[in-house]
Amino acid sequence: MTRIDSLLDQDRKHHVHGQTNLRLHQQQGPAVMVTEGHGIYIRTDDGRELIDGFSGLGCTSLGYHNDRLAEAAKRQMDILPFAPTFYGRSHPKVAELAARLVNMAAVPMDRVMFQCSGSEANDAMIKFLWYRNIARGQPRRRKLISRWRGYYGNTVATVSLSGQPHMHANFGLPMDDFLKLSTPNYYHFHIDGESEEEFSARMAQEFENTVLETGPDSIAAFFAEPMQSGGGAILPPKGYWEAMQAVIRKYDIHFHVDEVVCGFGRTGHWWGAQAFGLQPDSTSCAKALTAAFFPLSALMFKEDFYQDMMRNSDEVGVLGHGYTYSGHPVGAAIALEALDIYREMDLIGHVRKVSAPFLAGCEALMDHPLVGDARGIGLFCGIELVRDKQTREQFDAALKVGQRVQDAAHANGLYLRSIAPDRISFMPPLIIDESEVDEALQRLRRALDSVWNELKP
């Protein structure tokens, strides 16, 4: 048995994988073992080199090798490998990063709290909303509104907030007080003859109806990604955010914007909020904050929110919240270096330049028999696979067409993610160049051809 074979067997026997069919993993072991990475490429245990078309999990913005980030981590490990941020203690890197983030926020923010993941940041925000409302004498304001197919994390609270039914099933979730609105997927859910603006108005009316039925004085917040990632890179239709924000303003609803995927250049803007004209009251970010070189997330909010939190802290004597690794010095050092790299390389300008051929190539796939729709922004595109383009009829789930395209792409040297039902999310590392975009698109088309040839009979 080779070393790799031994590792594959150890993984099969002992490692429990999230978002994985456990029975299949027990029988077959890992679908792939990634052993190396460089630039936008990953190398697997069988020696295959693939373009990473999904940025790991939407996080490897600078690819898989960066000397500056590695050196920043090493320097910080040599100086101060760990320092807690509990009990009012701090360290230089976390103080500097907090100031940097509030100064570059999409709208003015004042305070930052650090966690280790997007899930933790959003979970903290849920707690802080309830905490703030108790401080204001409004303990009934507990209900949180989000959207089906949205994704905010995998803690008990954030997965309840998320609109992912398979993550609720058999866990006894979602909890109470978590309300859902429709997915703004215009392609699949518009009524024949309905314009994007009319569809958006209908979505906003559903939002308002939910607010009124629930009672505006019971709502803690509306959570949303600027562009839904967990649902399969769903681009909001024209007029959607204008209509939704009108409802937010009308009923004075706290608006939390999840920038975990959209933040730091994915949309061709620093923030998804800037790409779609959003006015958040609070923001969470992670992933590209450290280019995935270290687990770190940040939650940003405004001074008035912090003042309410202090009122509870005064009463209790402490803010009873935090994580051991919150504001980890190594993570903060890497984040600061990543932000420097982004600015020095003009990341936003680069994404805007390469997004033109990327999006044009994705949209050109609509001439393929399997592709009903392809739309996106920046380096972020969702591709719908359908059985019938005229009726938008989807394939029988048993055919697993999306999974087959994902597997065929892998066989052709491109790592992608299939998201049920039969939607492909395409979001390569932000350092990808135009020639690599062209190569990735060619590999995707070959994968589509391969699956189409299997399905034609």
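This passage walks through a small sheet, two helix pairings and one histidine in a predicted model.

A good place to start is the sheet. Four strands make up an open sheet of mixed pairing, and their order across it is 1-2-3-13. The edges are taken by strand 1 (34-38) and strand 13 (414-415); each has a single partner strand, so one side of each is left without a neighbour in the sheet. As general background, strands of a sheet pair through backbone hydrogen bonds, in either a parallel or an antiparallel way. Here, strand 2 (residues 41-44) and strand 3 (residues 49-52) are antiparallel, and three bridges link them. Within this pairing, Arg43 has Glu49 of strand 3 as its bridge partner.

Attention can now turn to helix 14 (residues 329-344) and its meeting with helix 4 (residues 67-79). The axes of these two helices come within 9 Å and cross at roughly 150 degrees. Because an angle over 145 degrees counts as roughly antiparallel, helix 4 is described as roughly antiparallel to helix 14. The crossing of the pair is right-handed. On the helix 4 side, the contact is made by Arg68, Leu69, Ala72, Ala73, Arg75, Gln76 and Met77. Helix 14 contributes residues including Pro329, Val330, Ala333, Ile334, Glu337 and Ala338, along with Asp340, Ile341 and Glu344.

Helix 14 also packs with helix 5 (residues 92-104), this time at an angle of about 40 degrees and with the axes 8 Å apart. Helix 5 and helix 14 are therefore oblique to each other, and their crossing is left-handed. From helix 5, the residues in contact are Lys93, Val94, Glu96, Leu97, Arg100, Leu101 and Met104. Their counterparts in helix 14 are Pro329, Ala332, Ala333, Ala335, Leu336, Leu339, Asp340 and Arg343. Readers following along in the structure may like to look for Pro329, Ala333 and Asp340, which are listed in the contact with helix 4 and also in the contact with helix 5.

The last stop is a single residue, His188, found in helix 9 (residues 186-189). The relative accessible area of His188 is 14%, and since buried means under 20%, His188 is classed as buried. Leaving aside residues up to four places away in sequence, His188 touches Glu384, Val386, Arg392 and Gln394. With one of these, Glu384, the side chain of His188 also forms a polar contact of 3.0 Å, side chain to side chain.

Notes
Residues numbered from 1 in each chain as written. Predicted model: local features only at pLDDT ≥ 70, side-chain atom pairs only at ≥ 80, totals over all residues. Heavy atoms only, no water. Buried < 20%, exposed > 50% of the residue type's maximum accessible area, 1.4 Å probe, protein only. Polar contact = N/O pair within 3.5 Å; in protein donor to acceptor, adjacent residues only side chain to side chain. Contact = heavy atoms within 4.5 Å. Pairing = 2+ DSSP bridges. Axes fitted to C-alpha atoms, helices over the stretch in contact; angles between N-to-C directions. Parallel < 35°, antiparallel > 145°, perpendicular 65-115°, else oblique. Left-handed = near helix turned anticlockwise from the far one by under 90°.
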